[in-house]
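Me: Could you walk me through this structure and help me see where its descriptive words come from?

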Amino acid sequence: MASLKKIHSLGNPAMILSIESSCDDSSLALTSLETCELLFARKISQDLAHTRFGGVVPEIASRLHAQNLPLLLEQLKNFLIDFSAQRTPNNKENPFAPIKAIAVTNRPGLSVTLSEGVCMANALALSLNIPLLYLNHLKGHIYSLFIGQMQAKIGKGLGILLVSGGHTQLLLMRDFSHIALISQSLDDSFGESFDKVAKMLSLGYPGGGIVESFARKYDGTLLPLPLPLKHDKGLNFSFSGLKNAVRLEIQKYAKSTDKNLNQQEKIQSNQPKSIEDKAFIAQICASFQSAACAHLLDKTRKFFARFGEKFEYFGVVGGASANLTLRAHIESLCKEFGKTPLYAPLEFCSDNAAMMGRLGIEALKHALKNAPKSPAERTAGFSPLSDAIYPKSLPEDFIKEYFIS
Ligand code: KG4
Ligand code: ZN
């Protein structure tokens, strides 16, 4: 197998620079190509800018990436100058010289935000004359499990529950290029349903952490919410019915308490203006979280029963994998089936460039192993400006790229 050790620079470790801008987090990272050590990781989130809209506004997100990515690049450059000064004091080389490849997310995501990261990646790759890798964000979430580790712990197989703001999927992975999509949500994703519940209660964005913290404070009776797709033997998910059941509970509560609304306003009002009762908010958050996790568990248990012999590790990834109730459920499911659970550190569950860097190393190894022999062919696959930005989220693209073994 071709070795990344060949790509080295004098004195400083060879690094991969990774860039993530698929939604509302601008993030850059530097990872050692040889040891996978994470050397630099920064991100600027945009939660405050989107919170009053209860979700990400693409145009605002794009403009903020245009401001924030250069700020991060400046910080990265200063890091490289200090890093190099400490290790090789007389080294006068370009501070970016240790960077030997660039990895950037180009799909799936918001096209107007992806393009900000892709433009920066192209400019840097052209000026430094180094390979540029276009990477899949979802696959990046999978590799968040292995940040800082030289070996990706896949064993005889890795089962994956991917729970982010855009996707809810069960996957089976055999190795870098064999990932089978087993099932996914038919409508809203798990994380998105938390965002929408938070929006209904005017709690802000992103809703996941907020809803979870309200739920954690509650230990009373739960409202009876439906378990989605209870009688369906398949493994797909659905969260829109549950979301609507929450909406109805909120409306019921608002109508029973808001004495100031006149009859006409009551008819017009589909949503309560604002719910002040913290006890009710905690109860609805706890009831929703319990039902949403029960649904995930119901389908994941079926996945274990059907595909259990194909994997020994089970990873939970994506922004919503930070949910501690979900982790506790997965923990006991894994114990029951004799599987080893894997999670990313909490700081790398939501979108970040470190996971794209870890994936980038694997992609580079893979590309070197399968490298065409002629130099012209060899550079073609890596050439900047050679690939398109994929619009929005394209599940078919994900299915096409990874195939069922
Ligand atoms: O992976 P991610 O950062 O972005 C996408 O790729 O979409 O995931 C963000 C999603 C948001 O919907 C957010 O509300 C959700 O992850 N999330 C959570 C929690 N923390 C973040 N959902 C449930 N519980 C949490 N603790
Ligand atoms: Zn994500």
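**Two helices and a metal site**

Reply: Happy to! In this predicted model, helix α5 (residues 190-200) packs against helix α7 (residues 240-257) at an angle of about 15°, and their axes are 10 Å apart.

Me: Why are α5 and α7 called roughly parallel?

Reply: Angles under 35 degrees count as roughly parallel. The angle between α5 and α7 is about 15°, so these helices are roughly parallel to each other. Their crossing is right-handed.

Me: Which residues of α5 and α7 meet?

Reply: From α5 come Lys 196, Val 197 and Met 200, and from α7 come Lys 243, Val 246, Arg 247 and Ile 250. Sorted by class, this contact has four nonpolar residues, three charged ones and no polar ones.

Me: What makes His 137, His 141 and Asp 351 donor residues of the zinc ion (ligand 2)?

Reply: A donor atom has to be within 2.8 Å of the metal here. The NE2 atoms of His 137 and His 141 and the OD of Asp 351 coordinate the zinc ion at 2.0 to 2.1 Å, so they count as donors. Along the sequence, the spacing of the donor residues is H-x3-H-x209-D.

Me: Where do His 137 and His 141 lie?

Reply: Both are in helix α4 (residues 137-143), four residues apart, which is about one turn of the helix.

Me: How do you know whether His 137 and His 141 are buried or exposed?

Reply: Buried means under 20% relative accessible area. His 137 has 6%, so His 137 is buried. His 141 has 0%, so His 141 is buried too.

How values were computed
Residues numbered from 1 in each chain as written. Chains lettered and ligands numbered in written order. Predicted model: local features only at pLDDT ≥ 70, side-chain atom pairs only at ≥ 80, totals over all residues. Heavy atoms only, no water. Axes fitted to C-alpha atoms, helices over the stretch in contact; angles between N-to-C directions. Parallel < 35°, antiparallel > 145°, perpendicular 65-115°, else oblique. Left-handed = near helix turned anticlockwise from the far one by under 90°. Contact = heavy atoms within 4.5 Å. Nonpolar A, V, L, I, M, F, W, Y, C, P; charged D, E, K, R; others polar. Donors = N, O, S within 2.8 Å, 3.2 Å for Na, K, Ca; no water. Buried < 20%, exposed > 50% of the residue type's maximum accessible area, 1.4 Å probe, protein only.
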